[in-house]
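Q: Please take a close look at the empty space in this model. I would like the largest cavity first, and then the second largest pocket.

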Amino acid sequence: MKPAVVVGKLLRALLGLVLLLLGVAGFFTLAASFAEYPVVPPHEGAPEWVRGAFHVHTTRSDGRGTVEEVAAAAKAAGLRFVVLTDHNDFAPREPVFMDGVLLVPGVEISTDHGHLVAFGMKRPLEGVRPWMDGGEAEAAVEKAGGVSVLAHPVQERNPWRHEEAARRADGFELYSADTFFREALSHPFSRLLPAVGASFGQAVHGVMMLVEPQPGSTARLLELEREKPRVALCSHDAHGLPRYEDVFRALAVYLPPAEGEPPGVLPEDAHAAAEVVVKGLASGGAVCAFRALGEPEGFALEGLEAESREARVGQVLTVRLPPEAGEQVRIEVWGSGRLRPDGRSVELVEEGAVQVEVWARAPGSFFGTTWRPWIVPSPVRVLPRSN
């Protein structure tokens, strides 16, 4: 067979494949135009909680957008703060309001044992460098008075591999938008292509189609939680692909107001506002929500011991849902708890830790619906029964 004929056949086959892929993507574009968000409608008159983004990259490292572009995207998405965590960006920076959005300085340290996010440092980080020992990096954050969070700790591409440091760390990224994206890249036809197609019809739906349960991440979190309370955070790990604004509209971290404090308010002074954000994230009281499904205001996990994320065997925790939640939500429980028949209360049955999440019936990949995580608090450490 002549080379020209072979080349012609290959080109026709390639064109056919491209047309097939475009056709498949087009089906998901069409379906996305019918997907309705939010699933849970907002409650009129409900006070807004302060919401923001955690773990965001800019052109200071491997992000696609400048700091100014990130702030503009956050403002467009209705966020009040962004925790910037560029890789190995060790230069001391001050919190600042930009375009009405509070930018809180942090850093993602690339170590020999995985990535460690640090924020809220009271003193400069000392002795830190790229690809240092993971345990030494965690110790440096602790010495600086900061909060250490294991970044995407069970991700296939870059998991956390230093056991001692994992047990010392303050926090754990339970859901990671970047991990969702990377998992989709490893399943180009079953996950990535449908999400890309959907994004042309409705960008937020394209992002939400990447969201999948993370049983391995939950199991690891509960294992570590047995030893000490720690913060579970949902990480944007945003690099600009998907677009910052689309990821910010799909997911946010919320700071419920402390008792007696007005909701939705940050101090006008950037340093004072950053203290509020850092305290809210570090305390374990922050709530993650896949906000495309609905806003979480009104959610609470009742029955915990005062000022703690702890309870005792035999106690019952009650999930208070946002007012408009209705029947399109359900409670998911892992670990040392058991959901009671009422579907809203959780009995603590053994020592250890329990994770309680609210899931919502979300638009599916094509037509129909599927269950996806909606509201995600930090886990609860379960202590022995009181005498």
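A: This is a predicted model. Start with the enclosed spaces. The structure has three cavities of 30 Å³ or more. The largest cavity holds about 80 Å³ of space.

Now the residues around that cavity. Its lining includes Ala 177, Phe 180 and Phe 181. Val 207, Leu 210 and Val 211 also line the largest cavity. So do Pro 242, Val 247, Ala 250 and Leu 251, along with Phe 290. By class, the lining of the largest cavity has eleven nonpolar residues, no polar ones and no charged ones.

Two helices stand out here. α5 (177-185) and α9 (244-250) each supply at least two residues of this lining. α5 gives the most to the largest cavity, with three residues.

Next, the open space. The second largest pocket contains about 780 Å³. A total of 33 residues line the second largest pocket, and the closest to its centre are Arg 93, Pro 95, Pro 105, Gly 120 and Met 121. The elements that give two or more residues to this pocket lining are β4 (101-111) and α10 (270-282). Of the elements, α10 gives the most to the lining of the second largest pocket, with six residues.

The chemistry of the pocket lining is mixed: 19 nonpolar, five polar and nine charged residues. Set that beside the largest cavity, where the lining has no polar and no charged residues.

Conventions:
Residues numbered from 1 in each chain as written. Predicted model: local features only at pLDDT ≥ 70, side-chain atom pairs only at ≥ 80, totals over all residues. Heavy atoms only, no water. 1 Å grid on protein atoms, 1.4 Å probe; cavity = no way out; pocket = protein on both sides within 12 Å on 5 of 7 lines; lining within 4 Å. Points joined across faces, edges and corners; volume = space filled by probe spheres on them. Helix = DSSP H or I, 4+ residues; strand = E, 2+ residues; numbered from the N terminus. Nonpolar A, V, L, I, M, F, W, Y, C, P; charged D, E, K, R; others polar.
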